[in-house]
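Okay, thanks for coming, everyone. Let me put the structure up, and then I'll walk you through a few spots in it.

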Amino acid sequence: MSRSVACIDYRDGKIFIAKRQNKGDMANRWEFPGGKIEEGEDFETAIKREMQEEFGVQVQVASHITQTSFMHKNKECFVDAFEVHFLEDGLSRPFKLTEHTDYRWANIDEIPSLDFVDSDLQLYPDIKKWSETLKK
């Protein structure tokens, strides 16, 4: 079993997404950034480490949004989505990309039309519902 985190920063009707590098099973596909939880890490530690490694940015970790599971190479994997808040937006000063080729703030409704990672698409319905509660 493996555990991963998906980091959801949602502001002004847009959600932060990143495009994977051209390697691996889901090459060149969009995703909610995050990554595997290393042994001995809790969710918050993993989220902060992943965002620092992948974008060179610090984040505040807020609430747990949802979880899903899927099979990958005959192994059950779990992904937990968390609300995070980047301390920078990546627009005024670009993020340093180490695991991605691009990133952007996308309208939440366009996610299903993008070439998105399968496991993250499983998270999408709950993330969309959660985002709608923020608009009220």
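So, Glu50 comes out at 8% relative accessibility, which means it counts as buried (buried is under 20% relative accessible area, exposed is over 50%, partly exposed is in between, with a 1.4 Å probe and protein chains only). Glu50 lies in helix α1. Leaving aside its neighbours within four places in sequence, Glu50 is in contact with Gly34, Gly35 and Lys36, where contact means heavy atoms within 4.5 Å.

Quick housekeeping. This is a predicted model, so local features need pLDDT of at least 70 and side-chain atom pairs count only at pLDDT 80 or more, while totals for chains, interfaces and linings use all residues. Residues are numbered from 1 along each chain as its sequence is written, and side-chain values use heavy atoms, with hydrogens and water left out.

Back to that helix. Helices and strands here are DSSP runs, H or I of at least four residues for a helix and E of at least two for a strand, numbered from the N terminus. α1 covers residues 43-55, and at 1.5 Å a residue its 13 residues should span 18 Å; the end C-alpha atoms are 18 Å apart, so that agrees. The expected span, by the way, is 1.5 Å times one less than the number of residues. Glu50 has company: the buried residues of α1 are Ala46, Ile47, Arg49, Glu50, Met51, Glu54 and Phe55. What covers them? Strands, including β1 (2-8), β3, β5 (34-36), β6 (59-72), β7 (75-86) and β8. Right after α1 comes Gly56, with a positive phi near 65°.

Now follow Phe55 from that list. Phe55 is part of the aromatic story, and the structure holds 14 aromatic pairs. For a pair, rings of Phe, Tyr and Trp (its six-membered ring) need centres within 6.5 Å; planes under 30 degrees apart are stacked, over 60 edge-to-face, and the rest tilted. Phe55 and Phe86 make an edge-to-face pair, 6.5 Å centre to centre with 65° between the planes. That pair ties together distant parts of the chain, with Phe55 in helix α1 and Phe86 in strand β7, 31 residues apart. Both Phe55 and Phe86 are buried. Then Phe86 also meets Phe95: the ring centres are 5.6 Å apart and the planes are at 55°, so this pair is tilted. Phe95 is buried as well, like Phe86. Put the ring pairs together and you get a cluster of Phe16, Phe55, Phe86, Phe95, Tyr103 and Trp105.

Next, strands. How many bridges join β3 to β8? Seven, with β3 and β8 (residues 100-107) running antiparallel; the rule is that two strands pair if DSSP finds at least two bridges between them. Lys19 stands opposite Asp102 in β8. Lys19 also stands opposite Trp30 in β4, and β3 and β4 (residues 30-31) are antiparallel with two bridges. β2 (residues 10-11) is joined to β3 (residues 14-20) by two bridges too, again antiparallel, with Arg11 opposite Lys14. The hairpin of β2 and β3 has two residues between the strands, and Asp12 takes a positive phi near 50° there.

Trp30 comes up again: the charged end of Arg104 sits over its ring, 5.4 Å from the centre. "Over" means NZ of Lys or CZ of Arg within 6 Å of the ring centre and within 35 degrees of the ring normal.

And Trp30 is one of the residues that Phe116 touches; not counting residues up to four places away in sequence, the others are Ile17, Arg29, Glu31, Phe32, Ile111 and Leu121. Phe116 lies in the loop between β8 and α2 (118-134), and it's buried, with a relative accessible area of 1%. Phe116 and Asn28 are 88 residues apart in sequence, yet 9.1 Å apart in space, C-alpha to C-alpha.

Last item, cysteines. How many disulfides does the structure hold? Zero, taking a disulfide as a pair of cysteine sulfur atoms within 2.5 Å. Cys7 is in no disulfide, and the nearest cysteine sulfur, that of Cys77, is 17 Å away. Cys7 is buried at 1% relative accessible area, and Cys77 counts as buried at 7% relative accessibility.
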